[in-house]
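Here is a quick tour of one protein chain, written for someone who would rather be at the bench. Have a look at the fold, then read on.

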Amino acid sequence: MTMWATVRLRPLVARSTLPPCRRWRDTGAYIHGVTCSPSPKVSYNRFHTTAICSPTRAFLLTGRNSHNVGAGQITEAASGFPGYTGTIPKSAATLAKVLSGYGYDTAAFGKWHNTPVDDLMKSGPFDQYPTGLGFSYFYGFLAGETSQYNPRLYENTNPIEPPRKPEEGYHLTEDMADQAIKFIRANRALTPDRPFFIYFAPGGAHGPHHVHKEWADKYKGKFDMGWEKLRNITFEKQKAMGWIPNSTKLTPIDPTMVKWKEIPEEQRAFQLRLMEVYAGYLEHTDTQDGKVVEELERQGLFNNTLIIYVLGDNGASAEGIHGTIDELLAENALPSAYQQQMEVLNRDFGGLDALGSQHVDKMYHSSWAWALDTPFKSTKLVAAHFGGMRTPMVMSWPKVIKHDPTPRSQFHHVCDIAPTIYEAVGVQFPTRVEGAKQMPLDGVSMVYTWNNVSVKERKSAQYFEVMGSRGVYKDGWFASVFGPRIPWAEANETRMREWNPDTDVWELYDLTRDFSQAEDLAKEMPDQVAKMKQIFLMEATANKVLPIGAGLYTIYYHPEEGPHSPLTEWKLYEGLTRIAESNAPGFHSGQNSLATIDVEISANASGVLYCVGGTAGGFSVYMDNGYLYAEYMSTLLYRYIAKSTTPLQPGTRKIQVRLIFETTKGLGPPADLTLFVDGQQVGWVKARRANGIWVRGRKASRVQSDERLRAAGEGDLMLALKRHGVFATWPAIELMPSTSFRWTLCQNPAEP
């Protein structure tokens, strides 16, 4: 995912871009390079994010450490610990809030993953939406990811539908670029005296990897050598480009990772196509970035525009584990096998060509992520190694910054972007914003590096932490702990249960000599380790990181305490759509429920009664030719359908759907799904594998037209009943009158 900021001063534009999970080091071998690379610029090869998305964005937007502003974890996994609330305080005004006070037009496009999920209601509150945090305009999605073909879009605070359908060629990243261009043109046409600030954060190349086939086909055969050889090729090109020092050592593959030779021959076409789609998606995303840059050139603004281009909000993602057609499998700790996935892919979607399409939410093999993080160890979600958090960054401002191909090697962090922009545009950071006393900035301006490649770095310390994985930088030294989770492997229950941060083994690296963390000096220098541990503890205490592992509290140890509606009973009415999963009745681990639907049924009725989720996973109750169905879909691989034994008779009917899990503890216990009509049981199925945490995860909105799947809405809840036929896209569904719905969540729903 690219993030970039464009800031236009009274003389200048600052544009800040942040893409998720994109790597310039990808470009070392065969993947298309970044658009702004030929332009006058300076680049940074020791620039860092966190190892996960929401915290990185909070760092960038506020100029403060993420835990310090309550963003130590993604918003869906927020908890009551002070550093993990998911709410940015008013004492941490964002770049947009400050710049708007100085007369800037401000706009955000794309991914916004910093709004508390329990605020996602049409009635608000809206103070944590982009517009509440300082942006005068927002166009994008309020989630970690979304479908590129059927995104769950918002304009400002209003949920909207995409302007076109996938069949008409729609793609979200293209739409984003078009919207950003419209914003620039409106600014120039109507308020040419105002500078502007644009935060451009496309969903690419975060999962799901969605791109049209012709883009993926450009890379056919480019990765046939496998991930180890790709990494070697990338490493040599990085040195030849001068991107990394010649003394850099290429770190070996982790013993727990899968080697290319271990992939059976019959599975390689699948693994290769996953990577080809990613590469095409990356190029496609960068091409859209380039369209916005071209508009700045057309308007005569480019030379006096500061563009800050951060190539990823974390390292390449290993969340695809063994390569998958449905990323939610790993997120919900559901097992999968190549044979299972290919059976679904071939039977339902036409084979490998469906990868990259709207039909699946694919993610490449975790070992491809390791190759994309060359020359470092580890991947996204690891704050101990630079594979999780070092990402290339480029700044361009032709009028001020002299082009220099030599990378800046001063140690810097994403929290340094806000101070850089403030200094560049000549803004004095306010002590109060809208009456709230402001916390000091934690970042350090990078302006001093623009025209002096060898200047001594001014950032002396920086901590890192994600779900117990942690590290600290101090004056050239880096000490770290890997943490309890191995992102590229299935969850190890024993490892998680027995983890004790007090007994973690620390690593130590001298970064003045060791660019890639190839040599662990911890055993040789225990005194330095002890010193660095103390520095980390001081930083963690000052920045609300403690207790260590708090980021795991709701995502692993107590998912029942994660953000959710306080209601135990809902009464919903026809026409309600786009109810966020976090505010709707739940259908994942341990949430027993009884849904009661009063409805007028016609003969041979067909259509949806209600549904939540999408193709990645969901729950739906529908009718087809008079029969009543309920489907519990734990990703594309685990689908369970209850069907009434006979068609429902026309007239007024009371339909009840009961879901009871075998236990309310743990992730994904089996559940009984039972259908009742007018008090009589008419259908039942055992859902043997339930969604452990989310039914929507990436919010990949899509409704299939085949009769087996009736899930709709990208993580949002929809209530509907179509009069005739099988529905294709839910926004067009008609609603039958006199339909009402009532949900009750309870320990053991009684017999109707």
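Which residue in strand 27 does Q656 stand opposite? That would be F676, and the stretch around F676 comes up again below. Bear in mind that this is a predicted model.

## The overall picture

The chain has 752 residues, and 66% of them are buried. Its secondary structure adds up to 13 helices and 30 strands. The accessible surface is about 25,700 Å², with 51% of that belonging to carbon and sulfur atoms.

Much of the contact map is long-range. Take the contacts between residues at least 6 apart in sequence: 74% of these join residues at least 24 apart.

## Strand 27 and its partners

Strand 27 covers residues 671–677, and it is largely enclosed by the rest of the structure because 6 of its 7 residues are buried. It has a partner in strand 26 (residues 651–661), which runs antiparallel to it and is joined to it by 7 bridges. Strand 28 (residues 680–687) pairs with strand 27 too, again in the antiparallel sense and over 7 bridges.

F676 shows up in both pairings: it sits opposite Q656, and its bridge partner in strand 28 is Q681. Strands 27 and 28 make a hairpin with 2 residues between them. In that turn, D678 has a positive phi of about 55°. As for side chains, in a regular strand they alternate between the two faces of the sheet.

## Helix 6

Helix 6 runs from residue 268 to 298, and its length checks out: at 1.5 Å a residue, its 31 residues should span 45 Å, and the end C-alpha atoms are indeed 45 Å apart. The helix is mostly covered, with 25 of those 31 residues buried. After helix 6 comes G300, which has a positive phi near 75°.

One residue to pick out in helix 6 is D289. With a relative accessible area of 1%, D289 counts as buried because the cut-off is under 20%. What does its side chain do in there? It makes a polar contact of 2.8 Å with the side chain of Y309.

## Two nonpolar cores

The largest nonpolar core holds 83 residues, and the ones touching the most other members are F197, Y199, M395, I417, I421 and W450. Helix 10 (residues 417–425) supplies the largest share, 6 residues. Apart from this core lies another one of 79 residues, which includes W215, L282, W368 and V657.

W450 is worth a click in the viewer. Beyond its neighbours within four places in sequence, W450 is in contact with V42, Y44, L306, M395, W397, V400, I401, R408, T420 and A424.

## N65, a buried loop residue

Is N65 buried or exposed? It is buried, at 4% relative accessibility, even though N65 lies in a loop, the one between helix 1 (53–62) and helix 2 (95–101).

Setting aside neighbours within four places in sequence, N65 is in contact with F59, C415, D442, Q462, Y463 and N543. With Q462 there is a side-chain to side-chain polar contact of 3.2 Å. N65 and D416 are 351 residues apart along the chain, yet their C-alpha atoms are separated by 9.9 Å.

Conventions
Residues are numbered from 1 along each chain as its sequence is written. This is a predicted model: local features need pLDDT of at least 70, side-chain atom pairs count only at pLDDT 80 or more; totals for chains, interfaces and linings use all residues. Side-chain values use heavy atoms; hydrogens and water are left out. Helices (H or I, at least four residues) and strands (E, at least two) are DSSP runs, numbered from the N terminus. Buried means under 20% relative accessible area, exposed over 50%, partly exposed in between (1.4 Å probe, protein chains only). Contact means heavy atoms within 4.5 Å. Accessible areas come from the Shrake-Rupley method with a 1.4 Å probe; for residues, only the protein chains shown count as cover. The expected span of a helix is 1.5 Å times one less than its number of residues. A nonpolar core is a set of buried Ala, Val, Leu, Ile, Met, Phe, Trp, Tyr and Cys residues joined through side-chain atoms within 4.5 Å. A polar contact is a pair of N or O atoms within 3.5 Å; within protein, one must be able to donate a hydrogen and the other to accept it, and residues adjacent in sequence count only if both atoms are side-chain atoms. Two strands pair if DSSP finds at least two bridges between them.
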